[in-house]
Amino acid sequence: MITERVQNLFDFIDWLHSQTEYFLSQQQLVDELNEIRAEQNKLSPTKHFKDREKFDSLQREFLEKFAVVETRIINPIYEKIKFYDVTDISTPIVNLKALEDLLHLKNNYDEQDLIKIQKAKNQYIIYRVKTHWQPYFSFQLFFSDLDRELYEYFKFFEQDNEVEYISTKTVKAESLEDLVMQFTGRKNLTNKPEPTTDSLSNLICHEKGPEIVENIKVRFKNIQGKRLKLLLISLQNLDLLPKDRIGAKFHKLCEAEFNWNVGSYNAMNKYDINDVYDKPEIDEMTEYLKTIINQ
């Protein structure tokens with residue numbers, strides 16, 4: 001039977017799953033933090049005063065933005081871990097309080113238990129596949145340990161090898177169905193598409209095509225699915241790409257150009273743009289592309 005501790009863990013997973021899109025909506029801010037850190041790593045603050053001044057300036061900017069990330073991402077997760085009593089987050093190693101009960105449940109479950117286990121498994125896989133790239137700062141070790149513990153457990157209850165995607169070699173997908181399709185429909189998920197004479201930079205109608213592509217790789221690293229469609233629209237808004245019948249080719253060239261899985265074409269193409277929800281991100285992408293063009 002499912003004990004209170006196991007149910008608490010499953011409720012925590014349910015909450016994570018429900019927050020997936022919200023966390024992804026904060027990616028722009030997280031990207032900015034990563035860019036600041038990357039800029040700081042280029043400096044030698046102990047060797048020259050100009051580097052020290054630049055480093056300190058970036059650090060002030062980092063702390064200001066990090067406070068927002070802490071409020072929007074870190075604190076809510078931390079509070080839910082405590083609320084559901086998942087583990088003692090103050091220790092460096094995650095020891096799931098439900099672990100012993102999970103092991104017992106593994107050998108003593110009924111049909112109703114199995115339904116709940118499969119639901120929790122599917123929710124966690126979808127959540128981690130979609131947010132695996134998301135830096136959680138102080139939660140990096142927590143999710144790494146949690147992945148390892150749940151990987152071993154959910155592996156026992158897997159149906160289509162889907163649990164492999166919790167590992168650090170995960171690929172990206174828009175849903176569990178798409179994830180399983182990728183696993184069963186391709187011989188080697190790590191292989192890049194076959195070389196093509198076309199390129200994304202050549203497709204972009206601007207002399208700075210190569211520079212635009214390189215900046216996209218940094219700014220929008222791991223972009224996929226619906227966000228890839230938002231990028232397509234942003235490029236079209238600036239007349240950098242044709243507005244008709246370009247989606248399939250754009251997706252194919254992104255798949256060839258980027259060193260991460262961009263998800264399926266259907267995941268990108270079938271996403272319906274929400275004029276209210278998606279407009280701010282499209283505007284941000286468009287403005288960023290403008291800065292590259294105008295440099």
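## Salt bridges in an all-helix model: worked exercises

Lys-217 is partly exposed (20% to 50% relative accessible area, between buried at under 20% and exposed at over 50%, with a 1.4 Å probe and protein chains only), its own value being 22%. The model is predicted, so to speak of local features takes pLDDT of at least 70 and side-chain atom pairs count only at pLDDT 80 or more, while totals for chains, interfaces and linings use all residues. Numbering starts from 1 along each chain as its sequence is written, and side-chain values use heavy atoms, with hydrogens and water left out.

**Exercise 1.** Find how many helices and strands the protein has.

*Solution.* Start with the rule: helices are DSSP runs of H or I with at least four residues, strands are runs of E with at least two, and both are numbered from the N terminus. Applied here, this gives 14 helices and zero strands.

**Exercise 2.** Work out what share of the 295 residues is buried, and what share of the accessible surface belongs to carbon and sulfur atoms.

*Solution.* Buried residues account for 44% of the 295. Next, take the accessible surface (Shrake-Rupley method, 1.4 Å probe; for residues, only the protein chains shown count as cover). This surface comes to about 16,100 Å², and carbon and sulfur atoms hold 49% of it.

**Exercise 3.** Identify the salt bridge partner of Glu-257 and place both residues in their helices.

*Solution.* A salt bridge needs a side-chain nitrogen of Lys or Arg within 4 Å of a carboxyl oxygen of Asp or Glu. Glu-257 meets this with Lys-217, their closest N and O atoms lying 2.8 Å apart. The pair joins distant parts of the chain: Glu-257 belongs to helix α12 (residues 247-257) and Lys-217 to helix α10 (residues 209-219), 40 residues apart. Glu-257 is partly exposed, at 25% relative accessible area. Finally, widen the view: Glu-214, Lys-217 and Glu-257 form a network of salt bridges.

**Exercise 4.** Set out how the salt bridges of Asp-56 and Glu-32 sit along the chain.

*Solution.* Begin with Asp-56, whose side chain meets that of Arg-52 at 3.1 Å, N to O. Both residues lie in helix α4, four residues apart, about one turn of the helix. Asp-56 is partly exposed at 27%, and Arg-52 is partly exposed at 33%. Now turn to Glu-32, which bridges to Lys-65 with closest N and O atoms 2.9 Å apart. Here distant parts of the chain are linked: Glu-32 is in helix α3 (residues 27-41) and Lys-65 in helix α4 (residues 49-83), 33 residues apart. To finish the tally, the structure holds twelve salt bridges.
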